[in-house]
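Please read the following explanation with the sequence and the structure side by side.

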Amino acid sequence: MTHTPPTPDDSENGVSSQQLSASVPMLSELVIPPEEALTAPRTSLSTKENAAQIIAQLPESPWLVVAKNRRVNRDWEALSLRAPENARRCYQDLCTSPMVRKPRRVFPLKGKLYQGAWEYEVTSSDRVFYVPDEHKRKVLVYYAGTHPKSAPTPP
């Protein structure tokens, strides 16, 4: 009769590394990526000249515009593909004057729950929700996409 010695995984706590890895999700699944710069919208990029011209048209931004996370930036990019001109105008407004009201287009949200949050109507069915920080000169976009039934709460 042969007897195999215990493996190092069968340690004092009785949990092997295989059991531990099967029950605990990977760290990368738990990490929510930090905010990232919001992707500047593009229009038709058929040639390099068009790309250079578009970059030249974007104003030097006194405000840093960031997405809350990669998911928001991905939703923003999808919105930019659906309505490129409107998204471009929205991006320029967020870069230059995010706290200027435009009737029925740009306005602060009401209520204690939404304190400091603003809504931008990109199209009749698309919205961007953001929080401008005047001291840091930074705009945090926390929602971009189709018009939700109720406004998402700011982070």
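The paragraphs below take up confidence, the sheet, the helices, the aromatic pairs and the salt bridges.

This is a predicted model, so confidence comes before geometry. The protein chain has a mean pLDDT of 79, and 66% of its residues reach 70 or more. Confidence is highest in strand 4, at 97, and lowest in helix 2 (residues 27–30), at a mean of 42. Over residues 1–15 the pLDDT is below 50, and this stretch has six contacts in the model beyond near neighbours in sequence. Residues 24–32 also stay under 50, and for them the model has two contacts beyond four places in sequence. Where pLDDT is low, the predicted coordinates should not be read in detail.

The sheet is open and has six strands in the order 1-2-6-5-4-3, with mixed pairing. Strand 1 (36–37) and strand 3 (106–108) each have a single partner strand, so they stand at the edges and one side of each is left without a neighbour in the sheet. At the strand 1 edge, pairing with strand 2 (residues 64–67) is antiparallel and rests on two bridges. Here Glu36 stands opposite Ala67 of strand 2.

Two helices can be placed against these strands. Helix 4 (residues 70–82) packs on the sheet and touches strand 1, strand 2, strand 4 (118–123), strand 5 (126–133) and strand 6 (138–146). The direction of helix 4 makes about 60° with that of strand 6. Helix 5 (residues 84–96) lies across strand 2, strand 4, strand 5 and strand 6, and runs at about 155° to strand 4.

Strand 5 is linked to strand 4 and strand 6 by hairpins. The hairpin between strand 4 and strand 5 passes through two residues, and the two strands pair in the antiparallel sense over five bridges. Within this pairing, Phe129 of strand 5 is the bridge partner of Glu119. On the strand 6 side, eight bridges join strand 5 to strand 6, again antiparallel. Asp126 has Thr146 in strand 6 as its bridge partner. Four residues lie between strand 5 and strand 6 in their hairpin, and Arg137 in the turn has a positive phi of about 55°. Is strand 5 enclosed or open to the outside? Six of its eight residues are buried, so strand 5 is largely enclosed by the rest of the structure.

Aromatic side chains come next, with four aromatic pairs in the structure. In one of them, the ring centres of Trp76 and Tyr91 are 6.5 Å apart and the planes are at 35°, so the pair counts as tilted. This pair links distant parts of the chain, with Trp76 in helix 4 and Tyr91 in helix 5, 15 residues apart. Trp76 is buried, with a relative accessible area of 0%, and Tyr91 is buried at 13%. Another pair, Trp118 and Tyr130, is stacked, at 6.4 Å centre to centre and 25° between the planes. Trp118 belongs to strand 4 and Tyr130 to strand 5, 12 residues apart. Both Trp118 and Tyr130 are buried. Phe129, which faces Glu119 as a bridge partner, forms one aromatic cluster with Tyr142 and Tyr143.

The charged side chains form six salt bridges. One of these lies inside helix 4, where Asp75 and Arg71 meet at 3.4 Å, N to O. The two residues are four apart, about one turn of the helix. Asp75 is partly exposed, at 26% relative accessibility, and Arg71 is partly exposed at 40%.

A second salt bridge joins Asp126 and Arg82 at 2.8 Å, N to O. Asp126 is in strand 5 and Arg82 in helix 4, so the pair ties together parts that are 44 residues apart in sequence. What is the accessibility of Asp126? Its relative accessibility is 4%, which counts as buried, whereas Arg82 is partly exposed at 46%.

Arg127 and Glu119 also meet in a salt bridge, at 2.9 Å, N to O. Both of these residues are buried. Arg127 and Glu119 are further linked with Glu121 in a network of salt bridges.

Conventions:
Residues are numbered from 1 along each chain as its sequence is written. This is a predicted model: local features need pLDDT of at least 70, side-chain atom pairs count only at pLDDT 80 or more; totals for chains, interfaces and linings use all residues. Side-chain values use heavy atoms; hydrogens and water are left out. Two strands pair if DSSP finds at least two bridges between them. Contact means heavy atoms within 4.5 Å. Axes are lines fitted to C-alpha atoms, for helices over the stretch in contact, and angles run from 0 to 180 degrees between N-to-C directions. pLDDT is the predictor's confidence in each residue, from 0 to 100. Rings of Phe, Tyr and Trp (its six-membered ring) pair if their centres lie within 6.5 Å; planes under 30 degrees apart count as stacked, over 60 as edge-to-face and the rest as tilted. Buried means under 20% relative accessible area, exposed over 50%, partly exposed in between (1.4 Å probe, protein chains only). A salt bridge is a side-chain nitrogen of Lys or Arg within 4 Å of a carboxyl oxygen of Asp or Glu.
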